[in-house]
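Reader: Please take a close look at a single part of this model. Start with one residue and its helix, then work outward to whatever surrounds them.

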Amino acid sequence: MVQDSPAQALGADAAGARDVLVEVVRSVHERFAEAHQVSGSRYAMGFGSQWRDLLDDAHEAFASRGFRSQKLAPAGYRLPVVGSCLIYVWRGNADTASNFASSPTRQSGFGAVPLPQAMLIEPSFADWGESIDESGETSVPNPQTVLRQVDDPMTLVLVIVDSSPRQLQSIQWAIAVLDEAGKVQLYGQESIWEPELAVVGQASEVESFDSGTPVAPVVELQKQEGPHSDA
């Protein structure tokens, strides 16, 4: 059964996972954008090589918080596992996501089953025994969702990083499903980060006309002069 969205699939860990992912992606982008600027290169090949750093940094960020990882064959990339979700950070865009499974390694992320030790109690961003959702309400985790069976395939959460050397344009995530034709379908796609508008803060410099009538500028009529000699 396909989950409706990454937030639903990640459950109580959705907010924490989102914050970690945004932090990782922004850090990698700033590092590579600065390196590109210093290099003075006309080409973005060096900037594009960040794809491996995105995977490694995401894995390390979640591992440092106690989360497990899954190795994808044959390349051996390690992806973070949060609950029953496998998280893949990918630099691309939603328009080309249908071709995401273009390599055997990426294909192996679909339908991947957890390691045997994943039957133990999973780590969580929330304190164990009590989790806090975005509404602020508390709930006790269901042991049946924690002690999942090994045969259940993990849900692939695809984190889509749309960027160029000039700007990090957006960070989105979605549930990725591989169809029979080998194309990737996205479900529950949503933005988890976008750049702030540059015009924010400029409104304070403009007077508001919520009440009253704006005063029109005074225009003084000047005496019309005769035609110039060079007219």
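**Helix 4 and its surroundings**

Author: Asp57 has its place in helix 4, which covers residues 50-63. The model is a predicted one. Start with what this residue meets. Leaving aside residues up to four places away in sequence, Asp57 touches Val24, Val28 and Arg31. With Arg31 there is a polar contact: the two side chains meet at 3.2 Å. Val28 is 29 residues from Asp57 along the chain, yet their C-alpha atoms are separated by 8.1 Å.

Those partners lead to the next element. Helix 2 spans residues 14-39. Helix 2 and helix 4 both lie across strands. Helix 4 crosses strand 1, strand 2, strand 3 and strand 6, running at about 40° to strand 2. Helix 2 crosses strand 3, strand 6, strand 7 and strand 8, and its angle to strand 7 is about 130°.

Now the sheet beneath these angles. Six strands form an open sheet in the order 1-2-3-6-7-8, and the pairing is mixed. Strand 1 and strand 8 (184-193) stand at the edges with a single partner strand each, so one side of each has no neighbour in the sheet. On average, neighbouring strands of this sheet are turned by 30° against each other, with direction ignored. In general, strands of a sheet pair through backbone hydrogen bonds, in parallel or antiparallel fashion.

Take the strand 1 end in detail. Strand 1 (residues 69-72) and strand 2 (residues 77-82) run antiparallel and are joined by four bridges. One of the bridged residues is Ser69, whose partner in strand 2 is Pro80. The two strands make a hairpin with four residues between them. Gly76, in the turn, has a positive phi of about 85°. Strand 2 then pairs onward with strand 3 (residues 85-91), again antiparallel, through two bridges. Here Val82 has Cys85 as its bridge partner in strand 3.

At the other end, look at strand 7 (residues 167-178), where Gln172 is found. The side chains of Gln172 and Gln189 make a polar contact of 2.4 Å. Beyond residues up to four places away in sequence, Gln172 touches Leu158, Val159, Ile160, Gln189, Glu190, Ser191 and Ile192.

Back to helix 4, and to its packing. The largest nonpolar core has 31 residues, and Phe62, Val89 and Ile171 have the most contacts inside it. At least two residues each come from helix 1 (6-10), helix 2, helix 4, strand 3, strand 6, strand 7 and strand 8. Helix 2 gives the most, with ten residues. Val89 shows how this core is knit. Residues up to four places away aside, Val89 touches Leu21, Val25, Leu54, Leu55, Ala58, Val159 and Val161. A second, separate core has 19 residues, including Leu72, Ala97, Phe100 and Ala112.

Phe62 deserves its own look. Its relative accessible area is 0%, so Phe62 counts as buried. Seven aromatic pairs are found in a search of the whole structure. Phe62 and Phe67 form one of them, edge-to-face, with 5.9 Å centre to centre and 80° between the planes. Phe67 is buried too, at 5% relative accessibility. Phe67 also pairs with Phe125: the ring centres are 4.8 Å apart and the planes meet at 40°, so this pair is tilted.

The second pair reaches across the chain. Phe67 lies in the loop between helix 4 and strand 1, while Phe125 lies in the loop between helix 5 (104-107) and strand 4 (131-132), so the pair ties together parts that are 58 residues apart in sequence. Phe125 is partly exposed, at 28% relative accessibility. Elsewhere, ring pairs link Tyr88, Trp90, Phe100 and Phe110 into a cluster.

Last, the whole protein. There are six helices and eight strands. Along the sequence the pattern reads α-α-α-α-β-β-β-α-β-β-α-β-β-β. Of the 231 residues, 33% count as buried. Among contacts between residues at least 6 apart in sequence, 63% join residues at least 24 apart.

To return to the part you asked about: helix 4 carries Asp57, and Asp57 reaches Arg31 through a polar contact between side chains. The helix lies across four named strands, strand 1, strand 2, strand 3 and strand 6. Helix 4 also supplies at least two residues of the 31-residue core.

Note on methods. Residues numbered from 1 in each chain as written. Predicted model: local features only at pLDDT ≥ 70, side-chain atom pairs only at ≥ 80, totals over all residues. Heavy atoms only, no water. Polar contact = N/O pair within 3.5 Å; in protein donor to acceptor, adjacent residues only side chain to side chain. Contact = heavy atoms within 4.5 Å. Pairing = 2+ DSSP bridges. Axes fitted to C-alpha atoms, helices over the stretch in contact; angles between N-to-C directions. Phe/Tyr/Trp six-rings, centres within 6.5 Å; stacked < 30°, edge-to-face > 60°. Buried < 20%, exposed > 50% of the residue type's maximum accessible area, 1.4 Å probe, protein only. Core = buried A, V, L, I, M, F, W, Y, C linked by side-chain atoms within 4.5 Å.
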